[in-house]
Amino acid sequence: MKALLLENIHQVAVESLEAKGYEVELLSRSLSEEELVEALPGVSLLGIRSNTNVTATVLANAPDLLAIGCFCIGTNQVDLAAASERGVAVFNAPYSNTRSVVELVIGEIIALARRLPEKIEKMHAGVWDKSAKGSHEVRGRTLGIVGYGNIGTQLSTVAEALGMRVVFFDTADRPAHGNARRMSTLDELLAVSDVVSLHIDGRPGNAGLFGHEQFSKMKPRAMFVNAARGMVVDTESLREHILSGHIAGAAMDVFPVEPKAQGDPFESPLRGLDNVILTPHVGGSTQEAQEEIGWFVAGKLAAFALHGSTALSVNLPDVNVPELRSGHRLGFLHRNVPGVLARLNEMLAEQGDNVVQQQLATRGEVGYVVTDAAAPLSEGSLERLAASENGLWVRTWSA
């Protein structure tokens, strides 16, 4: 069993998978589509971060691949529909680096409000510029959070603890934390916010969400933070509004185009601007977060490969089964059409297979049923399942 981990995933993931019997190859960089096609035959588990794109072409040329682990929050770098069609489970870490991102955003908001980027640059140039001009406390300011998920809600709580007022906008119906107020539209949020912080996902519909129109509707001298996805912001428009003085400062941790490897050149229209913080996609890059992500995602990959559990999979039906400690287990991934479970159980009964426990879940076009039995399932049952018109794959495990 082989696992390929890319983009310098934390060593704890290597140790976790090796302890479960996997041969692990760890690379510090991302791979292109062509390189993935060449590397994946023989690999059953693939671990990536945000810079590796797993396309339908890659999946079509990875016959041995069982699961993909995104050692980050986002999964838009994986063709989820193609993965589901081929029965490849995809997992991510939706909670593990939340605190790290929140702390970075809070630090950037304070730094921008105090105009620290300018002060730091002048000090390194040997210029003593002790002045309160343009420097403010964040207490009493209004923070507008766009996207009120795991990160947005925790940012809301921490910002309130600093004395900030919080408003938020989300297309989903999410409950407010603390004294935060929900805004009915994005425009309403922009009109009242002293700081706007983005925490939305990378779905295609969010591409270019923030451009000239949105920046124009922000309060004069407001600040802007993006630690979500680079493709949601028009950086040229942001540059124009910073140069005009309409936007007082910005902090960007993500960019529409990012270098693929350490040391590669970084280009952005935001380089060289006063009171602009540019960081290299390090929102979740703390030792604590990366270790937690490594442990969490590696555990999900192993639980699926070794026991059939799809708990917290982002693309396959969620069937949370424990480690198999006795007996035998059958996993059957199939197209979600009526009557599959009935025919499966009829087939098992005809073969004399005694079912001990069974779980079924469906998700979109796919269904997944896990059946535990005291005795090994008959070859006849397995052969018929594998040949069924609605089957995607059949796997078995024994304690």
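# Briefing on a predicted chain

Glu15, Glu18, Glu288, Glu291 and Glu292 form a negative patch on the surface. The model is predicted. The chain has 399 residues, and 50% of them count as buried. Its secondary structure consists of 13 helices and 16 strands. The points below cover the chain as a whole, the negative patch, one buried residue and the salt bridges.

**The chain as a whole**

- The C-alpha trace spans about 85 × 45 × 35 Å along the principal axes of the chain.
- About 18600 Å² of the chain is exposed, and 50% of this area is supplied by carbon and sulfur atoms.
- Among contacts in the chain with a separation of 6 or more, 63% are between residues 24 or more positions apart.
- The chain carries 34 positive and 47 negative charges. The mean position of the positive charges and that of the negative charges lie 9 Å apart.

**The negative patch**

- Two helices each supply at least two residues of the patch: helix H1, residues 11-19, and helix H11, residues 287-307.
- Helix H11 gives the largest share, which is three residues.
- Glutamate 288, one of the patch residues, has its place in helix H11.
- Is glutamate 288 buried or exposed? Glutamate 288 counts as exposed because its relative accessibility is 61%, and the cut-off for exposed is over 50%.

**A buried residue: threonine 98**

- Threonine 98 is found in helix H5, which covers residues 98-113.
- The relative accessibility of threonine 98 is 5%, so this residue counts as buried; the cut-off for buried is under 20%.
- Which residues is threonine 98 in contact with, leaving aside its neighbours within four places in sequence? The contacts are with Asn150, Ile151 and Gln154.

**Salt bridges**

- How many salt bridges does a search of the whole structure find? The search finds 17.
- One salt bridge is formed by the side chains of aspartate 201 and arginine 203, with an N to O distance of 2.5 Å. Aspartate 201 counts as partly exposed because its relative accessibility is 32%.
- Another salt bridge pairs arginine 271 with glutamate 267, and here the closest N and O atoms are 3.4 Å apart. With a relative accessibility of 44%, arginine 271 counts as partly exposed. Glutamate 267 has a relative accessible area of 60% and is therefore exposed.
- Arginine 384 and glutamate 350 also form a salt bridge, their closest N and O atoms being 2.9 Å apart. This pair links distant parts of the chain, as the two residues are 34 residues apart. Arginine 384 is in helix H13, residues 379-387, and glutamate 350 is in helix H12, residues 340-350. Arginine 384 is partly exposed, given its relative accessible area of 39%.
- Lys119, Lys122 and Asp129 are joined into one network by salt bridges that share partners.

Terms used
Residues are numbered from 1 along each chain as its sequence is written. This is a predicted model: local features need pLDDT of at least 70, side-chain atom pairs count only at pLDDT 80 or more; totals for chains, interfaces and linings use all residues. Side-chain values use heavy atoms; hydrogens and water are left out. Patches are made of residues with over 30% relative accessible area and no salt bridge: like charges are joined within 9 Å, nonpolar side chains (Val, Leu, Ile, Met, Phe, Trp, Tyr) within 5 Å. Accessible areas come from the Shrake-Rupley method with a 1.4 Å probe; for residues, only the protein chains shown count as cover. A salt bridge is a side-chain nitrogen of Lys or Arg within 4 Å of a carboxyl oxygen of Asp or Glu. Lys and Arg count as positive and Asp and Glu as negative; His and the chain ends are not counted. The place of a charge is taken as NZ of Lys, CZ of Arg, CG of Asp or CD of Glu. Helices (H or I, at least four residues) and strands (E, at least two) are DSSP runs, numbered from the N terminus. Buried means under 20% relative accessible area, exposed over 50%, partly exposed in between (1.4 Å probe, protein chains only). Contact means heavy atoms within 4.5 Å.
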